[in-house]
Amino acid sequence: MSVNNLLENWSQFRHFHPVDDKPHDPYKWAMSIDLDACTGCNACSVACYAENNLPVVGKEKYAHGQAMHWMRIERYWDEDDRDFPDQGAQFLPMMCQQCEAAPCETVCPVAATNHTADGLNSQVYNRCIGSRYCSANCPYKVRYFNWYDYPTDDNVWPAEMNQQLNPDVTVRGKGVMEKCTFCVQRLHAAKGAARSEGRIVRDGEVQTACQQACPASAISFGNLVDPESRVHKQWKAQQVELDKEEQTKDKKEEGGSELRGYRIFEELRPYPSVMYLERVRESAV
Amino acid sequence: MHRFLRLSTLLIGLFAAVGSYAVDAPQPAPMTEDDLGPAIEQPIEFPHNRHAGLRNPNDPTNSDPLKGGMEIDCMYCHTYARRSAVAGIPPLQKCIGCHQSIASVRETPRIKKLFEYWDAKKAIPWKKVHDLPDFVRFSHERHIERFISQLNRPVQEVCGYCHGNVKEMTVARRSKSLAMGWCASCHQKDHPVTAEGGKPIGNQAYWYNFQKPAADTSGGAVKAQGPNDCWQCHK
C-alpha cells in the first residue's frame, strides 16, 4: 500500500460513519448555514446560552479565552484596502461540526466523546475527566472547558435564576469539556414523540435553538437521510456529499464555481455535518 | 545512630498517625453501585400492598379488602408513566376522589392524616424513592410502550422489572440498584424486534435505536440488543 494509494482512497481506509455495519438509519442530523443570509446578529449564540445552560463568564474570563459560547460568530474583515467604517466584514457562525470522523473522538482517553448512530458527536459529561486532549485536537476549536465551577463558585446563576435553567440539560461542573450538541435534548423529545406514533421525525418537526432564533432563517437543520428534508435538498443542490473530502465546488476547472456549498477544513478529512453556503460577493453579481 | 529512623519506628508512627486520623474523620456511609440507599420514610405510610396487591383468592367478591389487595393498575395513580419521562406522583385529589366514598376505612389513622392534608389544602410531601442522577435521561414512556403496548406483558410485571415487587410493599423501597451496569445488563440482552416471519412488532421496525441485527434468513423472530449509545441515557 503506497502512501499515494492511502491518500487517494483515504475515505475507504479511515473507519468512519456511515459504514455498512452501522448505517445512518433512519437519522443523520445535519445542518446547512447560508452565509449570505447571516447578518452576524448573534441571536443564535444567545439562544444557545439560554437553551443549553451555558455560563456567562464575564469580560475578564472572556479575555482569557475562557468563553463558553458553543455557538460563536466569527468575524472576518474584507481585505480590500478600505479602512474601518467602510471596510466590509463577513460573519461565520461556528459550532461543533459533528464530524463523521471526528478528531476529538479518537484521542479521548476515557471514551467520553463518541459517535452516535444519528451521526452526532456525543459528549458524556459524567464520563469526562477533563484531559482537554479533544479540544487540542479539534481543528475548529469548538470545545469549551469548564475551568471554574461556574454554578457554585462563580455563582453564574444566582438563586432566582436557577429557575431558568433547562432541566433537560446537565449543569456542568468544573473540569468537564462541553460543546454544541445539535440540541440533543430536543432531538430526543422529537424522536420519542415520533416513535410513539410509529414513524420517524418529520422535517421541520425539530429545530435547534440557534435555528429557531435566527431572524434571517440562515440555519436549516434536519435529517440528511430523509430525501424530503430541506437539508437533504440543500446538500444535494450544492452537490455536497457527506463522505467526500473534496466537493464539486472545489474543482473549479470542472465548472463547479457556481455552487456555493462547502464544508470547513474538508482537507483534514473530519467529514463535518455542517455545510456552509458561501456568501455571494458584490463583485460576483 | 539515628534510632528514630529505624523502619519499625517509622511504621508505628505512620499507623498511629493514619489511625488517629481515621478515628477522627467522619466516614461517609459506604456506597457501592449495588447499594439500595437508606430506607425512606414517607409522611404517610402508603400501603402499596393494599392498593396494588392481589385479591384474596378465598374471597372472590373482595368483600374484605383488608385481607387482600385491590389490584389497582399502577398507572391509575402513576398516570404519567405511559405518556412522559416521569411516572408521576398522584395529586392528593386523586386519593380523596376514592377515599371520600370509602367509609369503612375513614377513621383509620392513615386516612385521617390524609384528610388532614386535604382540609389544610396542602400537598403531601412525598419523598422520591427511585431517584436517578441528574445526568441520566430515562423515559418511562419508552419502556411502557415497549413492554406493555408492543409486547403485551402484564403491567405489574413490567413495572416490577425496575421497581421490584411493589404489590407486596407498603412504602416503596428500592429493590434494584438502578446503577448503569444494571441498566446495561438488560439492554445487552437479545430482544425480539420482529415477530415470527419478520413482521415488525407494533408496526415498529428494528431501527428504532436497537443495534441493527444480522440479517436473519430463517424467518424466525429477529433479535437485537437494546439501545447502548451513551447519549441515549446520558445528558
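In the predicted model, a polar atom of the B:Gln42 side chain lies 2.7 Å from the backbone nitrogen of B:Lys127. B:Gln42 sits in the loop between helix 1 (7–24) and helix 2 (48–52) of chain B. Its relative accessibility is 17%, under the 20% limit, so B:Gln42 counts as buried. Leaving aside residues up to four places away in sequence, B:Gln42 touches B:Trp126, B:Lys127, B:Val129 and B:Val171. B:Lys127 thus appears both in this set of contacts and in the 2.7 Å approach to the B:Gln42 side chain.

A salt bridge is also found in chain B, between B:Lys128 and B:Asp131. The closest N and O atoms of this pair are 3.6 Å apart. B:Lys128 is exposed, with a relative accessible area of 56%. B:Asp131 is partly exposed, at 45%. In chain A, salt bridges with shared partners join A:Glu197, A:Arg199 and A:Glu205 into one network. Over all chains, the count of salt bridges comes to 16.

Two further salt bridges of chain A link parts distant in sequence. In one, the side chains of A:Arg260 and A:Asp34 meet at 2.7 Å, N to O. A:Arg260 lies in the loop between helix 9 (230–237) and strand 9 (261–262) of chain A, whereas A:Asp34 belongs to strand 1 (residues 29–34), so the pair ties together parts that are 226 residues apart in sequence. A:Asp34 has a relative accessibility of 18% and counts as buried.

In the other, the side chains of A:Asp118 and A:Lys191 meet at 2.5 Å, N to O. A:Asp118 is placed in the loop between strand 4 (113–115) and strand 5 (121–123) of chain A. A:Lys191 is in helix 7 (residues 184–196) of chain A, and the two residues are 73 apart. Both partners are buried. A:Asp118 has a relative accessible area of 11%, and A:Lys191 has a relative accessibility of 9%. Each value falls under 20%, so each residue meets the limit for burial.

Chain A as a whole contains nine helices and 10 strands. Its radius of gyration is 20 Å, close to the 19 Å that the globule rule gives for 285 residues, so chain A is as compact as a globular protein of that length. The C-alpha trace of chain A spans about 60 × 55 × 45 Å along its principal axes. Of the 285 residues in chain A, 52% are buried. Contacts in chain A between residues at least 6 apart in sequence were also examined: 63% of them join residues at least 24 apart.

The interface between the chains brings 19 residues of chain B into contact with 27 residues of chain A. Chain B and chain A bury about 2,100 Å² between them. Carbon and sulfur atoms account for 52% of this area. Zero salt bridges are found across the interface. Nine residue pairs are in polar contact between chain B and chain A, with both residues at pLDDT 80 or more. On the side of chain B that touches chain A, helix 6 (140–150) and helix 9 (230–233) of chain B each supply at least two residues. The residues on this side divide into seven nonpolar, four polar and eight charged. The chain B side of the interface therefore includes eight residues of the charged class, which covers Asp, Glu, Lys and Arg, while the interface itself has zero salt bridges.

Methods
Residues are numbered from 1 along each chain as its sequence is written. Chains are lettered from A and ligands numbered from 1 in the order in which they are written. This is a predicted model: local features need pLDDT of at least 70, side-chain atom pairs count only at pLDDT 80 or more; totals for chains, interfaces and linings use all residues. Side-chain values use heavy atoms; hydrogens and water are left out. Contact means heavy atoms within 4.5 Å. Buried area is the accessible area (1.4 Å probe) that two parts lose on being put together, summed over both. A salt bridge is a side-chain nitrogen of Lys or Arg within 4 Å of a carboxyl oxygen of Asp or Glu. A polar contact is a pair of N or O atoms within 3.5 Å; within protein, one must be able to donate a hydrogen and the other to accept it, and residues adjacent in sequence count only if both atoms are side-chain atoms. Helices (H or I, at least four residues) and strands (E, at least two) are DSSP runs, numbered from the N terminus. Buried means under 20% relative accessible area, exposed over 50%, partly exposed in between (1.4 Å probe, protein chains only). The radius of gyration is taken over C-alpha atoms; the globule rule is 2.2 Å times the number of residues to the power 0.38.
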